[in-house]
Amino acid sequence: MHELYRAPDSALGNGSLIYKPSVLWKVLFFLLVPIELTSQYEAFAYNEYNQPIWWLIASLIIYTTYFVGFFGLAFAKKIGSARFWAFFLPVIIATDIYELGTVIITMNMAVLKNQMAVLMITPLALFLWFIIFRYRKVFRYIK
């Protein structure tokens, strides 16, 4: 037992990690962008939930910002700062909850149908919120 308290030698490298996005993020981005464009067009053209114009414009700005962050995650681009995306996450969460509440109240459905709508939309919303959360986490590893 020679030098019992000495730390072992190991080659750890320089520790610089680089974020490499998967192809699935890019595919998902290109699938969701046309859906969002169609949704925003319908919101302005038809306004079936009778939302005020200021809310439609605010929603357009919020969701455009969301897709800018999604683009940054899908293509490993630094846009803004990690702190901005940390502050933006509660904004998108609150916006989605408000939009869901507006749809449920406006459609005036039975309680069971409301519950089914919430159960169907919640996993999708959680995944979309995870995208911004993930972007904030990998932001420092993007070159």
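**Figure 1. Thirty residues line the largest pocket, and Glu36, Ser39, Tyr63, Asp96 and Glu99 are those nearest its centre.** The model is predicted, so local features need pLDDT of at least 70 and side-chain atom pairs count only at pLDDT 80 or more, whereas totals for chains, interfaces and linings use all residues. Residues are numbered from 1 along each chain as its sequence is written, and side-chain values use heavy atoms, with hydrogens and water left out. A pocket is an open set of points, on a 1 Å grid over the protein atoms alone, where a 1.4 Å probe fits and protein lies on both sides within 12 Å along at least five of seven lines; lining residues have an atom within 4 Å of a point. The largest pocket holds about 1000 Å³ of space, a volume being the space filled by probe spheres set on the points, which are joined across faces, edges and corners.

**Figure 2. Four helices contribute to the lining of the largest pocket.** At least two lining residues come from each of helix H1 (23-45), helix H2 (53-75), helix H3 (82-107) and helix H4 (111-138). Helices are DSSP runs (H or I, at least four residues), numbered from the N terminus. The greatest share of the lining, 8 residues, belongs to H4. Sorted by class, the lining comprises 19 nonpolar, 6 polar and 5 charged residues. Here Ala, Val, Leu, Ile, Met, Phe, Trp, Tyr, Cys and Pro count as nonpolar, Asp, Glu, Lys and Arg as charged, and the others, Gly among them, as polar.

**Figure 3. Glu99 of helix H3 is buried and has no salt bridge.** Buried means under 20% relative accessible area, exposed over 50%, and partly exposed in between, with a 1.4 Å probe and protein chains only. A salt bridge requires a side-chain nitrogen of Lys or Arg within 4 Å of a carboxyl oxygen of Asp or Glu. For Glu99, the nearest side chain of opposite charge is that of Lys113, 21 Å away; Lys and Arg count as positive and Asp and Glu as negative, while His and the chain ends are not counted. Neighbours within four places in sequence aside, Glu99 is in contact with Gln51, Trp55, Ser59 and Tyr63, contact meaning heavy atoms within 4.5 Å.

**Figure 4. The loop between H1 and H2 includes Asn47 and Gln51.** Asn47 is not a glycine, yet its phi is positive, at about 45°. Gln51 counts as buried because its relative accessibility is 11%. Not counting residues up to four places away in sequence, Gln51 touches Leu56, Glu99 and Thr102.

**Figure 5. Ala76 and Lys78 lie in the loop between H2 and H3.** Ala76, a residue other than glycine, has a positive phi near 55°. With 18% relative accessibility, Ala76 counts as buried, whereas Lys78, at 45%, counts as partly exposed. Lys78 touches Tyr135, Phe139 and Ile142, residues up to four places away in sequence not being counted. Although Lys78 and Phe139 are 61 residues apart in sequence, their C-alpha atoms are 6.7 Å apart in space.

**Figure 6. Val68 is a residue of helix H2.** Its relative accessible area of 32% is why Val68 is classed as partly exposed. Val68 touches Ile79 and Trp85, leaving out residues up to four places away in sequence. From C-alpha to C-alpha, Val68 and Ile132 are 10.0 Å apart, with their positions 64 residues apart in sequence numbering.
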